[in-house]
Amino acid sequence: MAQSALKSCDICMNGPGRNYCEQCDQWMCENCKTLHLRSKMCRNHTILSGSNINPEEKLFCKEHYENFIFYCIDCDMPICKICSVKKHKKHDMSEINESSQELQAEVKRVIDSKIKSVKTNLGEIEQVTGKYQSDIKEAIRVITEDGKQMKQWIDKKVQALIASLKGKETANQKVFQSIRTGFQNDFEKFQKCQTAFTESQKVADATKLLTHLKKIKSELEVESEKQPPIMPTMKYNKKNITERDIFNLFGDTSFKEIVYSVEQTSKKEIRKQSTKSLYRYGCINCGEETIFEQEPIVRFGQANMCECSSCGYPTLFLFSG
């Protein structure tokens, strides 16, 4: 509540109480305020002056119903003036305002230190995150380029094999056609001889028949009998290439997972707690997922790679959790 104009001094009870001591929770007139601040014990007290003063609610000693004016360092608690000469008589203590100022400075120092540390850590996290993203992006680029290059090589090899086969086919087709033409000509000649022989059977005169037969025979003897050629063969010797053999053409991917430690500090000890990481892998063939505690290092086709327990295919790292 605001200071009332009729509030009297709590010390002399006569003058108007226009000054308020925060440590003593008392209203004072001008004269008592001057005397109060001259006291060695009260010279550092905070005095509020003015007509509109709203003093905060004060905590007090529940045992003696007195205001706290000292702070016991040994017991880490505020105490009143009666406590200071009784229970805490031989304890190390200080004036509560002085302790408040010291604690205020200490808290400010801790806050500033924590903020500075967090800012530094945030900066490092941003830097590492940026580098990690760049590394992932670069790895994707290289893998994509490797895939494109291998596709080009495969396409080039396929085209070369097909061109070679078609070239051989064209060359041999010409040879086949030449041989076929020779046999076709012989066939036509022999058909003519056959026709002539058939016609000669109609000749009654033996002399004329003999002449026709000799002519047919001479034509048959001119043409030597051709033997069929040894025909060429073709076979593609397919290599038994598996999907894993293709994987072996690519490089390996390795991951070093986040290890996050939380430091908890107290007055007596510092304890560190580290998180336990589990890593989830998925099979590239059947899709089955498996959880391991080991660091995710995927090596296609290597003996130390993670393999699916169901089908034996390689597994890819999915995420940790």
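1. A residue is called buried here when its relative accessible area is under 20%, exposed when it is over 50%, and partly exposed in between (1.4 Å probe, protein chains only). By that criterion, 18% of the 321 residues of the chain count as buried. The model is a predicted one, in which local features need pLDDT of at least 70 and side-chain atom pairs count only at pLDDT 80 or more, while totals for chains, interfaces and linings use all residues. Residues are numbered from 1 along each chain as its sequence is written, and side-chain values use heavy atoms, with hydrogens and water left out.

2. On the overall composition, the chain contains five helices and 13 strands, where helices (H or I, at least four residues) and strands (E, at least two) are DSSP runs numbered from the N terminus. With a contact defined as heavy atoms within 4.5 Å, residues 24 or more positions apart supply 43% of the contacts that have a separation of 6 or more. The exposed area of the chain is about 25,600 Å², of which carbon and sulfur atoms supply 55%; accessible areas come from the Shrake-Rupley method with a 1.4 Å probe, and for residues only the protein chains shown count as cover.

3. One open sheet has three strands in the order β2-β1-β3, with antiparallel pairing, two strands being paired if DSSP finds at least two bridges between them. β2 (26–28) and β3 (47–49) stand at the edges with a single partner strand each, so one side of each is left without a neighbour in the sheet. The twist from one strand to the next averages 30°. Strand β1 (residues 19–21) pairs with β2 over three bridges in the antiparallel sense, and N19 stands opposite M28 in β2.

4. Another open sheet of three strands has the order β5-β4-β6, and its pairing is antiparallel. Its edge strands are β5 (77–80) and β6 (93–95), each of which pairs on one side only. Neighbouring strands of this sheet are turned by 40° against each other on average, direction ignored.

5. Within that sheet, strand β4 (residues 68–72) deserves separate comment: it is mostly covered, with four of its five residues buried. Four antiparallel bridges join β4 to β5, F68 standing opposite C80 in β5. These two strands form a hairpin with four residues between them, and D76 in the turn has a positive phi of about 55°. β4 and β6 also run antiparallel and are joined by three bridges, with S94 in β6 as the bridge partner of Y71.

6. Helix α3 (residues 96–200), which contains V107, lies across β4, β5 and β6 and runs at about 95° to β6. Axes are lines fitted to C-alpha atoms, for helices over the stretch in contact, and angles run from 0 to 180 degrees between N-to-C directions.

7. V107 is partly exposed, at a relative accessible area of 40%. Together with L103, I111 and I115, V107 forms a nonpolar surface patch with about 340 Å² of accessible area. Patches are made of residues with over 30% relative accessible area and no salt bridge, like charges being joined within 9 Å and nonpolar side chains (Val, Leu, Ile, Met, Phe, Trp, Tyr) within 5 Å; a salt bridge is a side-chain nitrogen of Lys or Arg within 4 Å of a carboxyl oxygen of Asp or Glu.

8. I179 also has its place in helix α3 and counts as partly exposed, with 29% relative accessibility. The C-alpha atoms of I179 and K226 are separated by 9.8 Å, although the two residues are 47 residues apart along the chain.
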